[in-house]
Amino acid sequence: MEATLKINIKEAALGVEKTFGFQGRSQQIAVKIPRGIEPGEKIRLKGKGEESLSGGEPGDLILIIEIEPFLNMTLHGLDIHTKLDIYPWDAYLGCKKTIKAFEGDLIVTIPPLIQTGKKIRLLNKGYKNRKGKQGHIFVEINIMNPSHMDQTIKEHYEALYDYYNSK
């Protein structure tokens with residue numbers, strides 16, 4: 001018997017023990033997902049499949065792993081793609097920002113004059129498979145305005161507007 005088991009990127013990256021059930025079965029099944037498993041890999045659970053029609057031992061259950069996004073991270077091969085919101089002044093001046101990673105925070109250096117949609121690659125910080133091969137993290141930049149507008153911010157934006165529209 002084959003079934004798909006959906007786990008998120010973090011669970012796949014760090015390894016996890018999952019308990020799940022099947023429709024029509026009262027028994028819960030526990031499975032240990034090894035760290036670094038990749039999409040499409042299979043895990044065989046001996047004797048956890050369908051009952052034998054002839055009264056013999058139950059068959060095996062084959063779990064096919066499907067890896068889903070976690071927070072704003074998606075997996076593409078061994079590369080992790082994520083997005084980072086920054087303010088216009090951070091984009092213009094450049095800055096350092098912290099992003100969450102599975103095994104700790106990472107510092108992303110934002111170069112000056114970056115534009116929305118540009119990607120920053122963090123070498124060898126992506127998903128690591130069971131063979132030890134590791135991908136990269138690609139951080140896509142999204143420039144956003146503050147969610148509130150006070151008089152000082154408004155005056156600065158108006159000054160920028162006047163400056164760029166006077167040329």
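Two residues are in contact when heavy atoms of each lie within 4.5 Å. In this predicted model, contacts between residues at least 6 apart in sequence were examined, and 48% of them join residues at least 24 apart.

The protein contains 3 helices and 11 strands. Along the sequence, these elements follow the order β-α-β-β-β-β-β-β-α-β-β-β-β-α. The C-alpha trace spans about 85 × 35 × 25 Å along its principal axes. The radius of gyration is 24 Å, whereas a compact globule of 167 residues would have a value near 15 Å. Of the 167 residues, 31% count as buried. The protein exposes about 11200 Å². Carbon and sulfur atoms supply 51% of that area. Charged side chains comprise 24 positive and 21 negative groups. The centres of the two sets lie 6 Å apart.

Aromatic rings were considered next. A pair of aromatic rings is described by the distance of the centres and the angle of the planes. The count comes to 3 aromatic pairs. One of these joins Phe70 and Phe102, whose ring centres are 6.4 Å apart. Their planes meet at 55 degrees, so the pair is tilted. Phe70 lies in the loop between strand E5 (61–68) and strand E6 (74–76). Phe102 lies in the loop between strand E8 (95–101) and strand E9 (104–110). The pair therefore ties together parts that are 32 residues apart in sequence. Phe102 has 18% relative accessibility and counts as buried, because the cut-off for a buried residue is under 20%.

Tyr87 and Trp89 form another of the pairs, with ring centres 4.9 Å apart. Their planes lie at 20 degrees, so this pair is stacked. Tyr87 has 29% relative accessibility and counts as partly exposed. Trp89 is also partly exposed, with a relative accessible area of 38%.

Asp90 is found in helix H2, which covers residues 88–93. At 11% relative accessibility, Asp90 counts as buried. Beyond the residues up to four places away in sequence, Asp90 touches Cys95, Lys97 and Ile110.

Helix H1 spans residues 9–14 and includes Ala13. Ala13 is buried, with a relative accessible area of 12%. Leaving out residues up to four places away in sequence, Ala13 touches Arg35, Gly36, Phe102 and Tyr127. Phe102 thus appears both in the tilted ring pair and among the contacts of Ala13. Ala13 and Leu61 are 48 residues apart along the chain. Their C-alpha atoms are separated by 23 Å.

Glu17 is found in strand E2, at residues 16–20. Here the side of the accessibility scale is the opposite one: Glu17 is exposed, with a relative accessible area of 55%, and the cut-off for exposed is over 50%. Apart from neighbours within four places in sequence, Glu17 is in contact with Ala30, Val31 and Lys32. Glu17 and Ile62 are 45 residues apart in sequence. The C-alpha atoms of Glu17 and Ile62 are 16 Å apart in space.

Backbone angles were also examined. Most residues other than glycine have a negative phi, and most peptide bonds are trans. Leu113 has a positive phi, near 65 degrees. Leu113 is found in the loop between E9 and strand E10 (119–122). The residue is exposed, with a relative accessible area of 53%. Asn124 also has a positive phi, of about 50 degrees, although it is not a glycine. Asn124 is found in the loop between E10 and strand E11 (137–143). With a relative accessible area of 47%, Asn124 is partly exposed.

Towards the end of the sequence pattern comes a helix. Helix H3 covers residues 151–165, and Lys154 is found in it. At 40% relative accessibility, Lys154 counts as partly exposed. Lys154 and Pro112 are 42 residues apart in sequence. From C-alpha to C-alpha, Lys154 and Pro112 are 22 Å apart in space.

How values were computed
Residues numbered from 1 in each chain as written. Predicted model: local features only at pLDDT ≥ 70, side-chain atom pairs only at ≥ 80, totals over all residues. Heavy atoms only, no water. Helix = DSSP H or I, 4+ residues; strand = E, 2+ residues; numbered from the N terminus. Rg over C-alpha atoms; globule rule 2.2 N^0.38 Å. Buried < 20%, exposed > 50% of the residue type's maximum accessible area, 1.4 Å probe, protein only. Areas by Shrake-Rupley, 256 points an atom, 1.4 Å probe, with all protein chains shown as cover. Lys, Arg positive; Asp, Glu negative; His and termini not counted. Charge placed at Lys NZ, Arg CZ, Asp CG, Glu CD. Phe/Tyr/Trp six-rings, centres within 6.5 Å; stacked < 30°, edge-to-face > 60°.
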